[in-house]
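This report looks at charged side chains and how they pair. Please keep the sequence and the model at hand while reading.

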Amino acid sequence: MKRVLNLYRVSTKGQVDHDDIPMQRIACREFAEKQGWTVVDEVNEKGVSGYKNLAADRDVLAGILQDAKEGKFDILLVFMLDRLGRKSFDTPGVVIELASYGVEVWSAQEGHICCATPEDQVTLFLKCWGAEGESRKTSIRVKERFHQLVEQGLWPGGVVPLGYRAAYKGRMNKKNQPIKDLEIDPREAEIVRELFHKTVHEGYGSHMLAAMLNERGLHTHNGARFQSNTVLRVLRNPIYTGFLTAGETVSPHLPDLQIVEQPIFLRANEILEQRKPINEKKRQVAMTNKGKVLLSGNVYCAHCGTRLASIRYTDSYIRKDGSKYFVEEPKYQCYHRARRLNDCDGANNYKASKVDAVVTEVAREVLMQIQDTPKDISIETRLDRQIQNTTQVKKQLERQVAEKQQEQETLQGEIGKCLLGKSRFTEDVLSAEIDRTKAELDALKLELQVAKDELDNQQKTREGISGVYDRFISWADEFDQAPLMRKKVIVNELFERVTVGKGYVMNVKLNPEYAQFLPSAAELQEVG
């Protein structure tokens, strides 16, 4: 009597009925009984796509293949072939591998799935190719439906984001069945607001935020512990500003779903962007709020230009009676100097207390100045003028590029004439002219790209000038009373670069974004 293993698979967990896949189970059992086979085992794949996942990535299928290799069954029975898989270049390989172990594949709907001859294998490939095509069409239909729902401001379904819950609010589907929509969960919404607040105002990173949530015993809606990437998905999700998204599709603004204000969402994402390794050189935010030092990431050695690292250093001292005592304190260290990785002639270490005291005093002076400096409308006028000038340069370069491209096309058109001896150019002259034109065109395109980037930066600066000024003013109001972690956030953004040299000679440079309001404070400030 044949020993049969039944495989039941559904693509989504929503298709599982009380931890069972009853329709496939009943059909396969009845089929096996009619054939006079004995079902020795049944396995389920719940919520596993046979279209998106390769056989090698499916744990249940890997177990089936291992059991087949060990001779534990004679027939693999599925409801339909597409339950085994929907990949045209992958699923036939599974059938062939099973056959190599002496195991036949049967479908309760299609009968024996043969692969013995080349003709059988071509037929098998075509069946899987058809199943893959149907999955592709279904995927397109589902995605299109998602886009349509989002355009209407309706939740398309899926995992409920942190801060929300799914509830019946009166919407019905085409079958006149009630379907759920999102609404704010007040308790979780406070957690979301806290994540944004700590990112923007206290310098928390995603790892620290995840650890904080886990320490409170909180879990995601899937019941898992919070990870760094879980927190990052929250901070980057525009739903918290009241906008649903599906790819490039964005819903109208939905005030009932807004948890955080747009400015704090944008600021949080600016910080995340700067913390990416690719932006390490232009970063102006603290990488972490850990430690007792004020500067984090933007303090440099004045002698070799490398970034200083914060360390805890123990100094030893001798009392008058000859006994030793030790003092541990944080310091900024030139890593390259300490390990002789370059020719730096500066000091190895600088006491953090001295450096931080100077920077704190400079910050206080700058913030006092902004309190007495109203936002000058001339700044906006100057930016408007810069945008206008850059726009004119961009248009002029676009015309020059178009003319040079036309010249290049004309010269390339001469190539055929030259070969026929009908061109006014010799071959050498034509080649030289084409090379010259290409070089000039490449240079113009480079200039044009520079102009486009400059215009984009100017427009962004103009759009955000009010927000930058308001942020600057708010720092002045809170700086003296702020805790260390908040001061770290302010200082690391306020100053573009702090350099320290021998004798604690320091240069403190104001971030240009804020220097535009205080031209007199923009230059490097030298402090002995």
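Is glutamate 183 buried, partly exposed or exposed? Glutamate 183 has a relative accessibility of 23% and therefore counts as partly exposed, where buried means under 20% relative accessible area, exposed over 50%, and partly exposed in between (1.4 Å probe, protein chains only).

The model is predicted, so that local features need pLDDT of at least 70 and side-chain atom pairs count only at pLDDT 80 or more, while totals for chains, interfaces and linings use all residues. Residues are numbered from 1 along each chain as its sequence is written, and side-chain values use heavy atoms, with hydrogens and water left out.

The structure holds 29 salt bridges, a salt bridge being a side-chain nitrogen of Lys or Arg within 4 Å of a carboxyl oxygen of Asp or Glu. Three of the pairs are listed here.

| Acidic residue | Basic residue | N to O distance |
|---|---|---|
| glutamate 183 | arginine 165 | 2.8 Å |
| glutamate 194 | arginine 216 | 2.6 Å |
| glutamate 478 | arginine 486 | 3.0 Å |

Because glutamate 183 lies in strand E7 (residues 178-184) and arginine 165 in strand E6 (residues 164-172), their salt bridge ties together parts that are 18 residues apart in sequence; strands (E, at least two residues) and helices (H or I, at least four) are DSSP runs, numbered from the N terminus. Arginine 165, at 37% relative accessibility, is partly exposed.

Glutamate 194 in helix H6 (residues 186-201) is linked to arginine 216, which sits in the loop between helix H7 (206-215) and helix H8 (228-236). Arginine 486 is buried at 7%, whereas its partner glutamate 478 is partly exposed at 26%.
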